[in-house]
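Hello,

Here is the structure I promised to pass on to you. Have a look at it first, and my notes follow below.

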Amino acid sequence: DCDYVNIDNTIIIRMFGKNEEGKTICAFYENYNPYFYILPKEGSEQDLIWFIKDKFADDIVDITKEKRFLPIGAQETRKELVKIILKDPSQTPQIRDQLITKPFTKDVFEADILFKNRFMADFGISGMKWYKIEGSAITTQTVKTNTVIKASRITEIEKNQNVDLHYLSIDIEVTTQIEELPDATKNPISLIGLSFHPHFRGMESLVLVSKLMPKSNGVECFKDEKAMLEGLLNIINSFDPDVVTGYDINNFDLPYILTRLSENNLSRLLGRDNQKQSISKRFGARNRTNITGRIVADVYELIKESIGKGILRLKRYGLGDVSKELLGRGKIGIS
């Protein structure tokens, strides 16, 4: 994972990963700033620069010029663009929206690229590859990793070796009235099913139940939903998964859990950060959940993508149908 934080007006990129021994690492990288490009109208370049310096003096680091091919259309020559370098990525949308309406602005480019994606692209970094991080070890209470490094150099290296990742699969069941649609603000979670790889405390799976029951193997009971959710947080913190997965978890399970944590006045710190709460945001018809330092892999979305690419052929997206196609066995009915 990769994100950034603003500490004392200093932007710090954070890269989360694992080393050859399977230990978790977070690398901090400073001295990298957000930027985007502006194409001024002919003869209006100086007006544009004066406006930026006057209006956004406290928000910019520098203004330079670069000759680049425009991202749209075929061109034989590069256009001279104004490059505006900012102090804080969060200011980019506001500044972009003001500049694009001005009479001296013809177009704005690359202002919609997420800051962490910009950093990864500029440094040639992508997921699931090996990198050599040069720098010095530091101590911080902001992240939960075995090692934290203040990076001075990042280099991709060739290595035919995988690292053992920890996978946690989650599925929840909700208490509702007959034919009532679940409402995360009022309907509590009754069961949480967990599956671990590798095993967690000798268990491959575990069911958390929000009421006291006779003891049973693979089942952990709690006095109420709040206590069960506290137990879930403790398990996530102890198992420390690299990948959180499940079926349709982005659209249902994870946002539901996050809402129930809030309703019970509990922390939403599910990631490897001691300060940044996990969030789930709506994008069109789908949700996207961010858990700092962990991958959220929604199997439902992966299945839909595979069908769209012709890799799989399925008439229905139900979990039973998908399981039967991929694993050769469907859901087990219990009467």
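A good place to start is Asn9, which sits in the loop between β1 (2-7) and β2 (10-18). Please keep in mind as you read that this is a predicted model. Asn9 is not a glycine, yet its phi is positive, at about 65°. Its relative accessible area is 74%, so Asn9 counts as exposed. Most residues other than glycine have a negative phi, and most peptide bonds are trans.

Two other places in the backbone deserve a look for that reason. Asp240, in the loop between α4 (225-239) and β14, also has a positive phi, of about 55°, without being a glycine. The peptide bond between His197 and Pro198 is cis, with omega at about 0°. You will find Pro198 in strand β11 (residues 189-200).

Next, the salt bridges. There are 24 of them in the structure, and here are a few to click on.

- Lys83 and Glu66 form one, with 3.3 Å between the closest N and O atoms. Lys83 belongs to strand β6 (residues 79-86) and Glu66 to strand β5 (residues 60-68), so this bridge ties together parts that are 17 residues apart in sequence. Lys83 is buried, with a relative accessible area of 14%, whereas Glu66, at 25%, is partly exposed.
- Asp248 and Arg286 meet through their side chains in another, at 2.9 Å from N to O. This pair links distant parts of the chain, 38 residues apart: Asp248 is in the loop between β14 (243-246) and α5 (249-263), and Arg286 is in strand β16 (residues 286-290). Arg286 is partly exposed, its relative accessible area being 25%.
- Asp97 and Arg96 also form a salt bridge, and their closest N and O atoms are 3.0 Å apart. Asp97 is partly exposed at 41% relative accessible area, and Arg96 is partly exposed too, at 22% relative accessibility.
- Asp240, the residue with the positive phi, turns up again in a network of salt bridges that links it with Lys18, Asp242, Arg272 and Arg294.

Now to helix α1 (residues 45-55). Which of its residues are buried? They are Glu45, Leu48, Ile49, Phe51 and Ile52. Viewed down the axis of α1, these buried residues fall within an arc of 160°, so they line one face of the helix. The general rule behind such a pattern is that an α-helix has 3.6 residues a turn, so residues three or four places apart point the same way. On the face of α1 turned away from the buried side you will see the exposed residues Trp50 and Asp54. The cover over the buried residues of α1 includes β4 (35-40), β5, β6, α2 (92-99) and β7 (105-109). Two of these names are already familiar: β5 and β6 are the strands that hold Glu66 and Lys83.

Strand β16, where Arg286 lies, is also the home of Thr289. Is Thr289 buried or exposed? With a relative accessible area of 8%, Thr289 is buried. Its side chain makes a polar contact with the side chain of Ser280, at 3.2 Å. Leaving aside neighbours within four places in sequence, Thr289 is in contact with Asn250, Leu254, Pro255, Leu258, Ile279, Ser280 and Val296.

Finally, the empty spaces. A search of the whole structure for cavities of 30 Å³ or more finds 1. The largest cavity holds about 40 Å³ of space. Its lining consists of Leu168, Ile170, Ile236, Val244, Leu254, Leu270, Ile291 and Arg294. Leu254 is among the contacts of Thr289, and Arg294 is part of the salt-bridge network.

There are pockets to explore as well. The second largest pocket has a volume of about 1200 Å³. How many residues line the second largest pocket? The lining is made of 22 residues, and Ser169, Tyr247, Leu319, Ser323 and Leu327 lie nearest the centre. The elements giving two or more residues to this lining are β10 (167-174), β14, α6 (299-308) and α7 (319-327). The largest share, 5 residues, comes from α7.

Enjoy looking around!

Best wishes

How values were computed
Residues numbered from 1 in each chain as written. Predicted model: local features only at pLDDT ≥ 70, side-chain atom pairs only at ≥ 80, totals over all residues. Heavy atoms only, no water. Salt bridge = Lys/Arg side-chain N within 4 Å of Asp/Glu carboxyl O. Helix = DSSP H or I, 4+ residues; strand = E, 2+ residues; numbered from the N terminus. Buried < 20%, exposed > 50% of the residue type's maximum accessible area, 1.4 Å probe, protein only. Arc of directions from axis to C-beta. Contact = heavy atoms within 4.5 Å. Polar contact = N/O pair within 3.5 Å; in protein donor to acceptor, adjacent residues only side chain to side chain. 1 Å grid on protein atoms, 1.4 Å probe; cavity = no way out; pocket = protein on both sides within 12 Å on 5 of 7 lines; lining within 4 Å. Points joined across faces, edges and corners; volume = space filled by probe spheres on them.
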